[in-house]
Amino acid sequence: MLEDAVAAHQPPLVGGGRVKLRYAHQGGSNPPTIVVHGTRVSRLPAAYRRYLENTFRREFALEGTPIRMEFRAAANPYAGNKKRSKKKGVARKKGSTKKKHSRAGAGRARNRE
């Protein structure tokens, strides 16, 4: 159901990244609650939230019934980690950046003679 709604109308790009909606399930029954899991759901525009709500209302025949939508995002497992320092690379020798000559040019010179 959620896949069909996302396929018909993709979520907009938010902050240079895509909102990824993973799955939805029923969270309660009075009022009907639908819980949607994904990434960057806190940045999802209100218009797209209304689109999903209206899609669920139409598919489940809940006309005239208030629907409560909850959007949940997983916690970032790397949020508390300190940045790692980059390891210094191995020093290169002076002559290692030279281009190797191809042998194709040498063959052409022989053919001219």
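**Fold, helix α2 and charged side chains**

Along the sequence, the elements of the protein succeed one another in the pattern α-β-β-β-β-α-β-α. The structure described here is a predicted model. In total, three helices and five strands are present. Of the 113 residues of the protein, 22% count as buried. The accessible surface comes to about 9,800 Å², and carbon and sulfur atoms account for 49% of this area. Among contacts between residues at least 6 apart in sequence, 52% join residues at least 24 apart.

One link between distant parts of the chain involves Tyr51, a residue of helix α2. Tyr51 touches Ala5, Ala8 and His9, when residues up to four places away in sequence are not counted. Tyr51 and Ala5 stand 46 residues apart along the chain, yet their C-alpha atoms are separated by 8.7 Å. With a relative accessibility of 23%, Tyr51 is classed as partly exposed, because the range for this class begins where the buried class, under 20%, ends.

Helix α2 also contains both members of a salt bridge, Glu53 and Arg57, which are four residues apart, about one turn of the helix. The closest N and O atoms of this pair lie 3.5 Å apart. Glu53 has a relative accessibility of 21% and therefore counts as partly exposed. Arg57, in contrast, has a relative accessible area of 15%, so this residue is buried.

Side chains of opposite charge can pair when their charged atoms come close. In the protein, the count of salt bridges comes to three. Besides the pair in helix α2, Glu70 forms a salt bridge with Arg68, with the closest N and O atoms 2.6 Å apart. Glu70 also forms a salt bridge with Arg72, and here the corresponding separation is 2.9 Å. Through shared partners, Arg68, Glu70 and Arg72 are thus joined into one network. Each member of the network is partly exposed: the relative accessible area is 42% for Arg68, 22% for Glu70 and 40% for Arg72.

Charged residues also form a patch on the surface. This positive patch consists of Arg18, Lys20, Arg22, Arg40 and Arg43. Arg40 is located in the loop between β4 (32-39) and α2 (46-59). The relative accessible area of Arg40 is 37%, and the residue is therefore partly exposed. Arg40 can belong to the patch because patch residues must have over 30% relative accessible area and no salt bridge.

Methods:
Residues are numbered from 1 along each chain as its sequence is written. This is a predicted model: local features need pLDDT of at least 70, side-chain atom pairs count only at pLDDT 80 or more; totals for chains, interfaces and linings use all residues. Side-chain values use heavy atoms; hydrogens and water are left out. Patches are made of residues with over 30% relative accessible area and no salt bridge: like charges are joined within 9 Å, nonpolar side chains (Val, Leu, Ile, Met, Phe, Trp, Tyr) within 5 Å. Accessible areas come from the Shrake-Rupley method with a 1.4 Å probe; for residues, only the protein chains shown count as cover. A salt bridge is a side-chain nitrogen of Lys or Arg within 4 Å of a carboxyl oxygen of Asp or Glu. Lys and Arg count as positive and Asp and Glu as negative; His and the chain ends are not counted. The place of a charge is taken as NZ of Lys, CZ of Arg, CG of Asp or CD of Glu. Helices (H or I, at least four residues) and strands (E, at least two) are DSSP runs, numbered from the N terminus. Buried means under 20% relative accessible area, exposed over 50%, partly exposed in between (1.4 Å probe, protein chains only). Contact means heavy atoms within 4.5 Å.
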